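Here is my note for your reading of this chain, set out as numbered points. Please keep the structure open beside the text and look up each residue as it comes.

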Amino acid sequence: MSSAATAILQDIVSTLRAAAPSASISLGAAPAGAEVPRLAVVLEQVESFNPDDSADGRWHRLIARVIVRTRCENQPDGLARAAELCESAAESLFTDPGRSGLCSDLPIGRATEVGRTESSTTVRHPDYEMGFIIRCHFESEGQ
């Protein structure tokens with residue numbers, strides 16, 4: 001993974017920590033049994049593209065998943081809390097879409113893009129899990 005991708009992921013984690021100080025936030029999957037509420041930022045892939053207008057640079061799309069897990073005995077309350085944390089996390093990521101100057105709007109996408117929130121069916125009651133994809137676009141010099 002490039003240093004730019006690492007810096008972007010760390011910026012995402014820092015932004016989420018500032019937005020949800022009461023939650024446990026990790027880069028990578030949280031360990032089993034970790035406290036809740038928790039958010040995990042998990043890298044899915046980094047795609048690279050040749051720009052149309054330059055032979056010596058590259059465009060990149062970092063794709064990560066933000067996973068939110070809560071625990072509650074009451075299903076509606078648990079789902080509502082997970083949805084609230086996802087919404088708050090997504091909103092916080094747009095306070096600085098340029099990720100401290102690391103990302104920029106490119107022909108392949110905006111500096112920061114957030115996908116729709118989806119609920120997971122793989123966790124068991126009383127835990128609830130939701131998440132969304134975040135895509136960040138950046139440039140690098142050279143091939």
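1. This is a predicted model, and a reading of it may begin with the confidence: the mean pLDDT of the chain is 90, and 95% of its residues reach 70 or more. Strand β4, residues 112-114, has the highest confidence, at a mean of 98, whereas strand β5, residues 118-119, has the lowest, at 90. As a general caution, where pLDDT is low, the predicted coordinates should not be read in detail.

2. As for the overall layout, the chain has 2 helices and 6 strands, and, read from the N terminus on, these elements follow the order α-β-β-β-α-β-β-β. The C-alpha trace spans about 55 × 25 × 25 Å along its principal axes, and of the 143 residues in the chain, 41% count as buried.

3. The helix α2 deserves a careful look, beginning with its length. At 1.5 Å a residue, its 19 residues should span 27 Å, and this agrees with the end C-alpha atoms of α2, which are 27 Å apart.

4. Which residues of α2 are buried? They are Gly78, Ala82, Leu85, Cys86, Ala89, Ala90, Ser92 and Leu93. Because these residues cover an arc of only 165 degrees around the axis, they lie on the same side of α2. On the other side of α2, by contrast, Pro76, Glu87 and Glu91 are exposed.

5. A search of the whole structure finds 1 cavity of 30 Å³ or more, and the largest cavity has a volume of about 30 Å³. The residues that line the largest cavity are Leu16, Ala19, Ala20, Leu39, Leu85, Ser88 and Ala89. Two elements, α1 (3-19) and α2 (75-93), each give two or more residues to this lining, and α2 gives the most, with 3 residues. Leu85 and Ala89 thus appear twice in this note, since both belong to the lining and both are among the buried residues of α2.

6. What classes of residue make up the lining of the largest cavity? There are 6 nonpolar residues and 1 polar residue, with no charged residues.

7. Finally, please look at Arg71, which is found in strand β3, residues 57-71. Its relative accessibility is 44%, and as the partly exposed class lies between 20% and 50%, Arg71 counts as partly exposed. Although Arg71 and Tyr128 are 57 residues apart in sequence, their C-alpha atoms are 6.0 Å apart in space.

Note on methods: Residues numbered from 1 in each chain as written. Predicted model: local features only at pLDDT ≥ 70, side-chain atom pairs only at ≥ 80, totals over all residues. Heavy atoms only, no water. 1 Å grid on protein atoms, 1.4 Å probe; cavity = no way out; pocket = protein on both sides within 12 Å on 5 of 7 lines; lining within 4 Å. Points joined across faces, edges and corners; volume = space filled by probe spheres on them. Helix = DSSP H or I, 4+ residues; strand = E, 2+ residues; numbered from the N terminus. Nonpolar A, V, L, I, M, F, W, Y, C, P; charged D, E, K, R; others polar. pLDDT = per-residue confidence, 0-100. Expected span 1.5 Å × (residues − 1). Buried < 20%, exposed > 50% of the residue type's maximum accessible area, 1.4 Å probe, protein only. Arc of directions from axis to C-beta.
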